[in-house]
Amino acid sequence: MTSIIIICALAIIAIVLAVAGIKVVPQSETRVIERLGRFHSVLPAGLNFIWPFIDKPKQIYTRTAVRLANGRQMARITTTTSIDLREQVYDFPSQQVITKDNVTTEINALLYFQVVDPKKSVYEIENLPNAIEKLTQTSLRNVIGELELDETLTSRDTINSRLQQILDEATNKWGVKVTRVELQDITPPESVREAMEKQMQAERNRRAEILNAEGEKQSAILRSEGEKQSQINQAEAVKATAILQAEGESRAQILRAEGEAEAIRQVAEAIKDTKMDPAKYLLAIKYMETLAKMTDGKDNKTVYVPYEATGVLGSVGAIKDMFSKS
């Protein structure tokens with residue numbers, strides 16, 4: 001009976017030891033094992049066996065976010081034996097920083113990092129989450145302290161890149177890889193925000209006035225160019241009209257001269273058998289036409305014939321005799 005009890009006790013002890021020696025590690029997690037107080041191994045994901053009471057998982061600090069009743073979040077540091085190998089994010093609370101131009105500003109940041117060497121993350125730093133938070137805060141103060149407020153508000157990408165580089169170099173010895181840093185909110189004091197809004201409004205007004213002035217200037221230039229072009233077009237039209245009129249008058253004079261020349265030729269042909277001068281004949285015809293116009297009208301007119309015209313009028317009789325002979 002006693003032997004049975006001893007066997008059962010040994011079986012129970014064996015089962016307890018076996019259960020205590022079995023460690024199942026989830027995917028993307030690991031554990032650092034110490035044997036008799038010294039580093040022994042890093043457990044991979046899956047089923048692992050350790051020596052109970054001889055091998056012991058190392059306790060580490062971890063940071064968790066707790067939401068309060070007022071909706072705000074608070075970081076809480078706890079202990080665990082599991083090391084998360086996935087990329088993690090720390091949302092740091094707002095902190096006050098002073099810019100190069102002595103403006104106190106509140107900034108909160110997001111830090112993305114990943115544990116790449118579990119052994120270093122346990123043995124190279126005592127409290128990894130607290131160390132990362134304090135390092136991020138001091139680095140953020142140093143970076144913002146080198147920039148003025150306007151540069152801080154407009155250079156988020158530059159600040160993020162510089163912080164990521166500084167933190168990655170500092171945390172490399174802790175077995176941590178900082179992958180990204182993001183500034184969430186940059187909140188200047190109320191007085192500074194009011195001054196910035198007034199400055200922005202004044203800048204908008206200035207730009208609006210400049211645009212209006214540019215528009216008026218462009219409009220005046222276009223109007224003057226339009227008037228100039230209109231005057232040029234009018235001058236061109238007057239010039240073209242004058243040229244056409246001159247060409248028309250020249251052509252008309254040419255045609256009249258050609259007609260008179262043809263008339264003279266025909267008259268000369270008609271009276272070539274007579275002794276009458278063709279020029280005197282045509283001049284007499286012109287005198288007769290002019291006298292007809294001078295005596296035309298209802299009013300009584302006195303017509304004075306120059307003495308030189310008597311010779312021409314003498315040709316009228318010759319014309320009469322010429323037609324009577326024919």
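In this predicted model, helix α3 carries a long list of buried residues. They are L128, P129, A131, I132, E133, L135, T136, Q137, S139, L140, V143 and I144. Helix α3 covers residues 128-145, 18 residues in total. At 1.5 Å a residue it should span 26 Å, and its end C-alpha atoms are 26 Å apart, so the expected and modelled spans agree. The N-terminal end of α3 is capped by N127. A side-chain oxygen of N127 lies 3.3 Å from the backbone nitrogen of N130.

Helix α3 also takes part in the largest nonpolar core. This core has 30 residues. Within it, L111, F113, I132, W174 and L183 have the most contacts. Two or more core residues come from each of β11, α3, α5 (156-171) and β12 (176-187). The top contributor is α3, with seven residues. I132, one of the buried residues of α3, is among the core residues with the most contacts.

Empty space was examined next. Rolling a probe the size of a water molecule over the atoms shows where such space is left. One cavity of 30 Å³ or more is present in the structure. The largest cavity holds about 40 Å³ of space. Its lining consists of F92, P93, Q95, I107, N108, A109, T136, Q137 and L140. Strand β11 (104-115) and helix α3 are the elements that each give two or more residues to this lining. By type, the lining residues are five nonpolar and four polar, with no charged residue. T136, Q137 and L140 line the cavity and are also buried residues of α3.

Key: Residues are numbered from 1 along each chain as its sequence is written. This is a predicted model: local features need pLDDT of at least 70, side-chain atom pairs count only at pLDDT 80 or more; totals for chains, interfaces and linings use all residues. Side-chain values use heavy atoms; hydrogens and water are left out. Helices (H or I, at least four residues) and strands (E, at least two) are DSSP runs, numbered from the N terminus. The expected span of a helix is 1.5 Å times one less than its number of residues. Buried means under 20% relative accessible area, exposed over 50%, partly exposed in between (1.4 Å probe, protein chains only). A polar contact is a pair of N or O atoms within 3.5 Å; within protein, one must be able to donate a hydrogen and the other to accept it, and residues adjacent in sequence count only if both atoms are side-chain atoms. On a 1 Å grid over the protein atoms alone, a cavity is a set of points where a 1.4 Å probe fits but cannot get out, and a pocket is an open set with protein on both sides within 12 Å along at least five of seven lines; lining residues have an atom within 4 Å of a point. Grid points are joined across faces, edges and corners, and a volume is the space filled by probe spheres set on the points. Ala, Val, Leu, Ile, Met, Phe, Trp, Tyr, Cys and Pro count as nonpolar, Asp, Glu, Lys and Arg as charged, and the others, Gly among them, as polar. A nonpolar core is a set of buried Ala, Val, Leu, Ile, Met, Phe, Trp, Tyr and Cys residues joined through side-chain atoms within 4.5 Å.
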